[in-house]
Amino acid sequence: MVRPLLFLSALIELACAQQIITPSSVLNISSCPITYYGKKYEQLYVNITTENFALCFDGFFKTQTGGDCLVGPTASYVTLHIDSQNSKLESQVHQEVPSIKASMECSLEFFMEYTNTTSADLYLLSFGKQAALFVFTDVTTKVDFEVHIGGTKVTTVYKNTVQDISGCRHSGTAYEPDTVVSSNPDTCSILTCSETAVLETLGCGPLERCQGNNTCVVDTTCTVTGPTVINVHGQVNSIKDRCAYSLVSIPSIPNFYLMANFRDRRRKDVSFLDSVILHLDGPGVHSHLEQGGTVWLNDSTLTLNSSSQLVHGVQLSKDQTGVTAKLSLSNLTISVFFDGDTAQIHLEGPAGSSVEGLCGNSSRSLSDLRLSEYSSTSCEMQYSEPADSTINCTSVTERCNLLKEAPFSSCNSDIDPEPYITACTDTLCKYPAVDGLNCQFLKAYTRACSLHNHTLDGWTSKTGCSSEAFCQDRTCSDHEFCGEKTVGGDTRCFCRAIFASKYQANNSLGDPTVCMQDSGSLTLVGCLLEDKGIDYSTLHLNDPTCRGQVDELTHMVTFSFNSSNSCGTEVTANNSYIIYQNTIRSQNYSSDVISRHDQVQINFSCVHSQPNINTATFRIRDCSVAQKISCGVWNYTLIIKAYTDAGQTQVVQLNSEVRLNQRIWVKLETNGLDGSMVTVVSDSCWATDQASPTSSPRHDLIINGCANPADPTVAVEENGLGTSSLFSFNMFRFIGGSGEVYLHCKLHLCPKEDTSCTPNCNAAARRHRSVGSKYEGEASISMSWTH
């Protein structure tokens with residue numbers, strides 16, 4: 001490019017000693033080499049003849065052959081100055097020749113004298129890989145220089161102008177800056193000499209392929225397998241926790257993103273891809289792809305087959321290899337394949353489409369891509385476990401390196417096997433090769449190759465793998481995953497390591513007993529039973545007809561009893577508790593000769609606490625008083641009421657008048673006890689004129705569960721027959737007392753089947769009761785009136 005350069009001689013500063021040029025000189029310019037159209041030269045060949053003055057880089061100038069030369073009018077006298085960087089000259093060149101962007105390194109100044117009054121200066125300015133030619137004179141004499149490349153004139157530089165003499169060389173041919181060197185529409189490949197004189201090959205981007213006619217389209221794949229994400233650039237990320245992450249988001253499509261959930265399996269310290277969620281925010285659609293080929297659409301499961309089913313713009317299909325979800329958004333086609341272990345996301349669309357997330361070129365950190373709203377609160381917690389001593393990492397590496405051998409090697413030029421080998425070795429060197437993991441990474445590579453039209457014939461026979469999805473159509477609960485029951489054989493649902501660890505720490509197969517007011521139940525974990533080789537269907541309670549009920553979603557097995565069906569529950573008592581006990585036991589096969597499993601016997605129980613010594617006080621004119629009795633895992637309420645009639649219809653109210661010698665009925669009843677299993681016995685009741693049950697004077701009403709024979713007004717009407725007791729007496733007062741009467745009762749709970757607990761008030765002597773069968777407790781009431 002030739003441009004006028006209005007340059008004042010005052011700006012030219014020579015800083016080097018003058019070197020006189022002879023008619024045929026070879027000049028050493030290694031201190032200021034010049035890059036002439038892509039080729040660097042450290043020597044100059046100078047010819048001064050009667051016809052011209054020639055500066056050549058590759059030999060003396062010959063009219064017949066030419067070369068890389070600058071040819072101008074002859075001069076009678078020529079000198080050379082080699083100068084260092086000149087900031088004023090550099091600034092002026094940058095202003096006049098924008099294509100030269102580098103910093104000036106040095107310059108060669110040739111002073112040419114034609115007559116005593118006519119002269120000019122030729123400058124070769126070095127800018128590293130670029131160079132400029134500048135011819136300056138302040139006289140009207142014609143001083144023009146031809147620019148020759150390989151003997152061919154390409155341009156002419158006129159006086160007081162600057163020429164960019166940078167360029168490129170390709171296959172022995174020189175090209176000026178900002179020109180096309182070659183083009184291949186079939187491969188979308190264009191070789192150019194850039195504006196800054198650099199050979200550049202332009203073509204499809206790293207995420208694109210050539211469609212022909214110099215048209216590029218996005219065509220890229222992201223693979224997520226085990227704990228590893230191999231993004232569209234072949235870079236590897238390993239997920240250490242059990243959280244949800246953004247895999248793919250498209251800035252131009254704000255209503256779409258693809259997520260992955262990672263969960264633990266047999267070890268707590270290694271996570272695996274567990275499910276994939278396709279989210280369309282516009283219609284509010286979540287397609288949830290899970291292990292086993294289960295697909296949830298929002299809160300409903302879908303029934304799929306090999307024929308595509310269009311759901312909210314998403315084409316869903318399922319075959320023996322896995323589930324595929326495909327959709328088109330803004331000319332971009334997104335296909336998601338998931339076989340329960342590996343997800344592969346294939347994107348096709350117009351060139352320039354940007355992909356973000358773990359699969360894309362996002363510069364965001366893993367923590368930024370973590371989706372807390374789809375993750376559990378403890379998902380980031382890190383675990384450590386002892387190394388698996390059975391793993392031979394050398395053998396693992398050999399297995400993973402099969403990806404560099406035939407038939408996989410036929411795909412290596414298009415799909416780099418190294419990220420897959422890294423994912424394979426990193427995982428299998430610390431996690432056992434079970435549940436199809438020995439084939440998982442090989443299968444993932446094979447499918448990535450198929451997306452780029454590579455068919456790897458014979459890979460299954462060489463590796464012993466199957467192309468079908470592992471655990472297809474087996475559904476496990478949230479705390480389970482599908483794995484091999486036997487190596488290469490049947491599959492079943494296993495407990496996840498973190499979930500199972502809380503039971504293993506207590507050597508337990510289930511949760512604590514759940515005790516309600518009239519029932520008890522124990523839930524066992526189905527996958528823990530299977531770990532022990534226990535078939536839940538062979539288990540029952542003491543009553544063999546009482547079997548466990550299985551929750552089809554959670555696979556939990558629950559055994560229970562209640563007041564209408566005790567299932568053989570045994571009721572016992574000690575000094576502190578009434579105990580309801582049952583046992584889960586395995587079926588007794590008396591005809592069996594051998595058994596390969598231990599007999600199962602799991603005892604569980606619910607308890608009622610015996611009443612503590614508490615005082616519940618109320619005045620005679622108050623309503624009934626209730627006190628809550630704490631009984632460990634069970635609770636019940638003790639209620640004390642006073643009545644003025646035998647039918648117990650007239651409760652003593654706040655305004656009730658109670659007279660001396662008036663008949664009063666007192667009822668102690670409970671809520672929350674199972675009357676078919678337990679009874680309440682009032683052992684003794686007595687009255688004092690103080691709140692303390694040990695104060696005196698004292699008057700006994702009930703002794704040993706029977707009426708005090710010294711007070712003929714006392715009658716025990718119900719005691720030890722159910723969950724309440726009833727007695728009556730005539731109102732009295734203490735002579736010289738405070739005017740208030742406090743009533744205290746000791747009572748206890750008994751198993752209903754223990755008839756020895758029931759008072760025998762008609763016998764001459766009361767039957768002896770075992771001390772261990774009851775524990776006495778006390779409840780008190782106070783009564784006062786005005787005389």
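Asp274 is buried, with a relative accessible area of 12%. The model is a predicted one. Asp274 does not stand alone: its side chain meets that of Arg496 in a salt bridge, 2.8 Å from N to O. Arg496 is buried too, at 3% relative accessibility. The two come from distant parts of the chain, 222 residues apart. Asp274 sits in strand E27 (residues 271-280). Arg496 sits in the loop between strand E37 (491-495) and helix H7 (497-504).

## Other salt bridges

The whole structure holds 19 salt bridges. One of them joins Arg169 to Asp68, with the closest N and O atoms 2.4 Å apart. Arg169 lies in strand E16 (residues 168-170), and Asp68 lies in the loop between strand E7 (53-56) and strand E8 (69-72), so the bridge ties together parts 101 residues apart in sequence. Is Asp68 buried or exposed? Asp68 counts as buried because its relative accessibility is 1%, and buried means under 20%. Arg169 has 22% relative accessibility, so it counts as partly exposed.

Another bridge pairs Lys641 with Glu669. Here the closest N and O atoms are 4.0 Å apart. Lys641 belongs to strand E47 (residues 634-643) and Glu669 to strand E48 (residues 663-671), so this pair ties together parts 28 residues apart in sequence. Lys641 counts as partly exposed, at 24% relative accessibility.

Salt bridges can also join up. Arg209, Asp219 and Glu348 are linked in a network of them.

## Disulfides

How many disulfides does a search of the whole structure find? It finds 19. Three of them are set out here.

| Disulfide | S to S distance |
|---|---|
| Cys400 and Cys424 | 2.0 Å |
| Cys471 and Cys482 | 1.8 Å |
| Cys685 and Cys745 | 2.1 Å |

Take the disulfide of Cys400 and Cys424. This pair links distant parts of the chain, 24 residues apart. Cys400 is in helix H3 (residues 393-400), and Cys424 is in helix H4 (residues 418-428). Why is the link called left-handed? The torsion about its S-S bond is about -70°, so the disulfide of Cys400 and Cys424 is left-handed. Both ends are out of reach of the probe or nearly so in these terms: Cys400 is buried at 0% relative accessibility, and Cys424 is buried at 2%.

Next come Cys471 and Cys482, which form a disulfide. Cys471 lies in the loop between helix H6 (459-463) and strand E36 (480-484), and Cys482 lies in strand E36, so the pair ties together parts eleven residues apart in sequence. The torsion about the S-S bond is about -80°, so this disulfide is left-handed. Cys471 is buried at 6% relative accessibility. Cys482 is buried at 1%.

The disulfide of Cys685 and Cys745 is right-handed, with 115° about the S-S bond. It runs from strand E49 (residues 678-688) to strand E54 (residues 740-751). The two cysteines are 60 residues apart. Cys685 is buried, with a relative accessible area of 0%. Cys745 is buried as well, at 3%.

## Nonpolar cores

Strand E54 appears again in the largest nonpolar core, where it gives the largest share, five residues. That core has 57 residues. Which residues have the most contacts inside it? They are Leu524, Ile584 and Phe727. Leaving aside neighbours within four places in sequence, Leu524 is in contact with several residues, including Leu509, Leu529, Met556, Phe559 and Ile584. Another core lies apart from this one. It has 45 residues, among them Phe256, Leu297, Leu329 and Leu332. In soluble globular proteins, nonpolar side chains tend to be buried together.

## A three-stranded sheet

One open sheet has three strands in the order E18-E19-E20, with antiparallel pairing. Its edge strands are E18 (179-184) and E20 (199-202), and each pairs on one side only. From one strand to the next, the twist averages 20°.

E18 and strand E19 (residues 189-193) pair over five bridges. Ser182 has Leu191 in E19 as its bridge partner. Asn184 stands opposite Ser189 in E19. The hairpin of E18 and E19 has four residues between the strands. In this hairpin, Cys188 takes a positive phi near 60°.

How values were computed:
Residues numbered from 1 in each chain as written. Predicted model: local features only at pLDDT ≥ 70, side-chain atom pairs only at ≥ 80, totals over all residues. Heavy atoms only, no water. Disulfide = S-S within 2.5 Å. Buried < 20%, exposed > 50% of the residue type's maximum accessible area, 1.4 Å probe, protein only. Pairing = 2+ DSSP bridges. Axes fitted to C-alpha atoms, helices over the stretch in contact; angles between N-to-C directions. Core = buried A, V, L, I, M, F, W, Y, C linked by side-chain atoms within 4.5 Å. Contact = heavy atoms within 4.5 Å.
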